[in-house]
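Could you walk me through this structure, starting with how its parts are named and then moving to the metal site, the core and the backbone? Here is the model to look at as you read.

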Amino acid sequence: MEELIMSENKQTVNVTVAGGYEPSVIKLKKGIPAEINFKRTNDQGCLDVVHSNELGFSEKLPINVTKTVQVPTDKSGEFGFSCGMDMFKGKVEVE
Ligand SMILES: [Cu+2]
């Protein structure tokens, strides 16, 4: 499965959640609207919630259901996301 699908007006990243985030580092282009599709494929770890204060989302992740979050790309930098208890971490790099 292609991890990053890019066009001029949208970028989409697919993240598999299975005992962690794959990929755990997501690179996005500044200024192009972005979305991340999270799909949890097993019940390893405490990954049933993914959230980010910096990116402004919080989603429950039922197993084998794709959940899409919109990610702001107006500012460059690194922005973290994590599981509900902040044990498993990933990050978004906007540049
Ligand atoms: Cu956790």
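## Ground rules

Helices (H or I, at least four residues) and strands (E, at least two) are DSSP runs, numbered from the N terminus. With that naming, Asn64 falls in the loop between β7 (57-60) and β8.

This is a predicted model, in which local features need pLDDT of at least 70 and side-chain atom pairs count only at pLDDT 80 or more, while totals for chains, interfaces and linings use all residues. Residues are numbered from 1 along each chain as its sequence is written, and side-chain values use heavy atoms, with hydrogens and water left out.

## The copper site

Two sulfur atoms serve as the protein donors of the copper ion: SG of Cys46 and SG of Cys83, lying 2.0 to 2.1 Å from it. The pair links distant parts of the chain, 37 residues apart, with Cys46 in the loop between β5 and β6 (49-52) and Cys83 in strand β9. Donors here are N, O and S atoms within 2.8 Å of the metal (3.2 Å for Na, K and Ca); water is not among the atoms, so sites may look incomplete.

Are these cysteines buried or exposed? Cys46 is buried, at 17% relative accessible area, and Cys83 is buried too, at 0%. The cut-offs are under 20% for buried, over 50% for exposed and partly exposed in between (1.4 Å probe, protein chains only).

## The nonpolar core

A nonpolar core is a set of buried Ala, Val, Leu, Ile, Met, Phe, Trp, Tyr and Cys residues joined through side-chain atoms within 4.5 Å. The largest one has 22 residues, of which Tyr21, Phe38 and Val92 touch the most other members. Two or more residues come from each of β2 (11-17), β4 (25-28), β5 (34-40), β8 (66-71), β9 (77-83) and β10 (89-94).

Leaving aside neighbours within four places in sequence, Tyr21 has contacts (heavy atoms within 4.5 Å) that include Phe38, Phe81 and Cys83. Glu35 is found in strand β5 and is buried, with a relative accessible area of 14%. Beyond four places in sequence, Glu35 touches residues including Lys10, Thr12 and Thr68.

## Backbone and loops

Glu22 and Pro23 are joined by a cis peptide bond, with omega about 0 degrees; Pro23 sits in the loop between β3 and β4.

Asn64 has a positive phi near 65 degrees without being a glycine. Asp86 also has a positive phi, about 60 degrees, and is not a glycine. Asp86 lies in the loop between β9 and β10 and is partly exposed, at 40% relative accessible area.
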